[in-house]
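Visitor: I would like a close look at a single part of this model, namely its aromatic rings and what surrounds them. Could you take me through that part step by step?

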Amino acid sequence: SCTLWYAQQTRSMSATIVLGAQWGDEGKGKLVDRLAETATWVARFQGGNNAGHTVVLGDRVLKFHLLPSGITREECGLVLGDGMVIDPWKLEQELDSWYAFGGERPEGERLFISERAHITLPYHRILDGADKEIGTTGRGIGPTYRDAIDRIGIRFVDLPAVLVNSSKISLMVKRMNSQLSAAGLEPSITESSLKDDLEWIQSRFGSCVRPTGVMIDHSLKRDEFVLLEGAQGALLDISQGT
């Protein structure tokens, strides 16, 4: 008894949106995968790697948590949007799995990351793992969104500036360790480990970072088929949900 909300307008400058109307597991991935057959772009606009969808290609089952369902269509452009929180290590795993399956490296070619998407760091996963009340997946999603709302998180666009600002990194480490201590955890973030992580993220995904909002806007103005993929059920939204 799951509900899937699907809206499409036929006038120019419109997009097709697929969004779960309950708590998830509504079958969004299957619908997006079918609609992506004729889509110019598939853009995920929310969630992190706690969401997921399964796509079946022949006898192969592919499970994605961050990559848009349109990955299976080689002519389809892909966007990880600014409403997402992205774990770069999980994204690396999914891209490696896709390469092993299809021999394609879409990063920077047809897969682009919004410059305003926030980054999930090891600290976020550690802090999330201490949750004893909500019952989260422990993947750092909530703490990353909290930092985004507090305007203290790191976005992909911030990486170059942060990496040359040792004072910024030092303040980040102090804040992170303080919050880990407050949660009853051992402080474990060092300036060197944080900088190493940020440098790897920039070197691995810097070429994928784009002003994706502008890219999608241009696509809409050309009357191309833009498919917006919701990753979570609407009732999980912290404002509109339960």
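**The aromatic pairs and their surroundings**

Guide: Trp 41 is a suitable place to begin, and in this predicted model its relative accessible area is 12%, which is under the 20% cut-off, so the residue counts as buried. Phe 112 is buried as well, with a relative accessible area of 7%. These two residues form one of the 5 aromatic pairs that a search of the whole structure finds. A pair of aromatic rings is described by the distance of the centres and the angle of the planes. For Trp 41 and Phe 112 the centres are 6.1 Å apart and the planes stand at 50°, so this pair is tilted. It joins distant parts of the chain, since Trp 41 belongs to strand 3 (residues 41-44) and Phe 112 to strand 8 (residues 111-114), with their positions 71 residues apart in the numbering.

A second pair consists of Phe 64 and Trp 98, whose ring centres lie 6.5 Å apart with the planes at 65°, and that angle is over 60 degrees, so the pair is edge-to-face. Here too distant parts of the chain are linked, Phe 64 being in strand 5 (residues 60-64) and Trp 98 in helix 2 (residues 88-102), 34 residues apart. Phe 64 is buried at 3% relative accessibility, and Trp 98 is buried with a relative accessible area of 7%. Ring pairs also bring in Phe 101, which makes a cluster with Phe 64 and Trp 98.

Thr 72 touches both Phe 64 and Trp 98, and its other contacts, leaving aside residues up to four places away in sequence, are Asp 33, Val 55 and Leu 57. Thr 72 is located in the loop between strand 5 and strand 6 (77-80), and with a relative accessible area of 15% it is buried. A polar atom of the Thr 72 side chain lies 3.5 Å from the backbone oxygen of Ser 69.

Another ring has a charged partner: the charged end of Arg 105 sits over the ring of Tyr 99, 4.5 Å from its centre.

As for the nonpolar cores, the largest has 45 residues, and those touching the most other members are Val 42, Ile 86, Leu 91, Ile 113, Phe 156, Leu 194 and Leu 227. Apart from this core lies another, of 8 residues, and Phe 112 is among its members, as are Met 215, Ile 216 and Leu 220. Ile 113, by contrast, is in the largest core, and its contacts beyond four places in sequence include Leu 80, Ile 86, Leu 91, Phe 156 and Phe 205.

Methods. Residues numbered from 1 in each chain as written. Predicted model: local features only at pLDDT ≥ 70, side-chain atom pairs only at ≥ 80, totals over all residues. Heavy atoms only, no water. Core = buried A, V, L, I, M, F, W, Y, C linked by side-chain atoms within 4.5 Å. Buried < 20%, exposed > 50% of the residue type's maximum accessible area, 1.4 Å probe, protein only. Contact = heavy atoms within 4.5 Å. Phe/Tyr/Trp six-rings, centres within 6.5 Å; stacked < 30°, edge-to-face > 60°. Helix = DSSP H or I, 4+ residues; strand = E, 2+ residues; numbered from the N terminus. Lys NZ or Arg CZ within 6 Å of the ring centre and 35° of its normal. Polar contact = N/O pair within 3.5 Å; in protein donor to acceptor, adjacent residues only side chain to side chain.
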